[in-house]
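Please open the model in your viewer and keep the selection tool at hand. At each stop you will be told what to select and what is to be found there.

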Amino acid sequence: MKTHYTLYESYGGELEPDQLQEYCVLIYNLALNQLDFKQYASAEKILSNIYKSMSSSTTKDKNQAVSDINFALDQILPLLITLNLYLKNPVKTLALINKAEPKIKQDSEPACQQRFFLCHALTLVQSKAFKNFKRDLKPNGLSHVNQVTYEFIRANLEFARGNARQVYLFYLNMFQMKLL
């Protein structure tokens, strides 16, 4: 964090949006450094600032704007979603997932799609949106490992609702499918 503040102080305070875009890779690396030190709130704040500056970019160079947006979507957004899940900010996480959804649907990599599916499921559980969880999420096309994660989240959801019988049935089903 000291390096981050030094960067701010060398420019006489907070960086301007164009400076945030210019130094986005450096600041992104500082956020990763904060993650190494387990300062998650600080890392989330840094990444949020970069993401906001890139999403509201008004640069005249279209190639630079496209590369900034791609960097934000490919590198910053998944990390921001994960940090907000860890910090238990379900409203912000759901908003970020909704922003990333068009890119996710175009992405041909199934692992990325499955990861966002599980993040979406965990977000709905954290926000206690149990009806939306059951209505919106169907585990079609999940890999074996992610299927176990989904079933575990679903069992915890039923446990939180006080339905112990349903939890028992989920675990019995997982044993029958040889997922555990």
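Begin by selecting H7 and H9, two helices (DSSP runs of H or I, at least four residues, numbered from the N terminus), whose axes come within 11 Å and cross at roughly 5 degrees. Axes here are lines fitted to C-alpha atoms, for helices over the stretch in contact, and the angles run from 0 to 180 degrees between N-to-C directions. Because angles under 35 degrees count as roughly parallel, H7 and H9 are roughly parallel to each other. Now show the side chains where these helices are in contact (heavy atoms within 4.5 Å): Gln 114, Phe 117, Leu 118 and Val 125 belong to H7, while Asn 146, Thr 149, Tyr 150, Ile 153 and Leu 157 belong to H9.

Before going on, note that this is a predicted model, in which local features need pLDDT of at least 70 and side-chain atom pairs count only at pLDDT 80 or more, while totals for chains, interfaces and linings use all residues. Residues are numbered from 1 along each chain as its sequence is written, and side-chain values use heavy atoms, with hydrogens and water left out.

Next, select Phe 133 and Tyr 150, both of which are buried, meaning under 20% relative accessible area, where exposed is over 50% and partly exposed lies in between (1.4 Å probe, protein chains only). Which residues form one aromatic cluster with each other? They are Phe 117, Phe 133 and Tyr 150.

A search of the whole structure finds three aromatic pairs, that is, rings of Phe, Tyr and Trp (its six-membered ring) with centres within 6.5 Å, where planes under 30 degrees apart count as stacked, over 60 as edge-to-face and the rest as tilted. Select Tyr 40 and Tyr 86, which form an edge-to-face pair, 4.5 Å centre to centre with 65 degrees between the planes. Tyr 40 lies in helix H4 and Tyr 86 in helix H5, so the pair ties together parts that are 46 residues apart in sequence. Tyr 40 is partly exposed, with a relative accessible area of 22%, whereas Tyr 86 is exposed, at 53%.

Finally, turn to the largest nonpolar core, a set of buried Ala, Val, Leu, Ile, Met, Phe, Trp, Tyr and Cys residues joined through side-chain atoms within 4.5 Å. Of its 25 residues, Leu 47, Ile 50, Ile 76 and Ile 81 touch the most other members, and H5 gives the most to this core, with eight residues. Select Ile 81 last: leaving aside its neighbours within four places in sequence, Ile 81 is in contact with Thr 93, Leu 96, Ile 97, Phe 116 and Cys 119.

Conventions:
Parallel < 35°, antiparallel > 145°, perpendicular 65-115°, else oblique.
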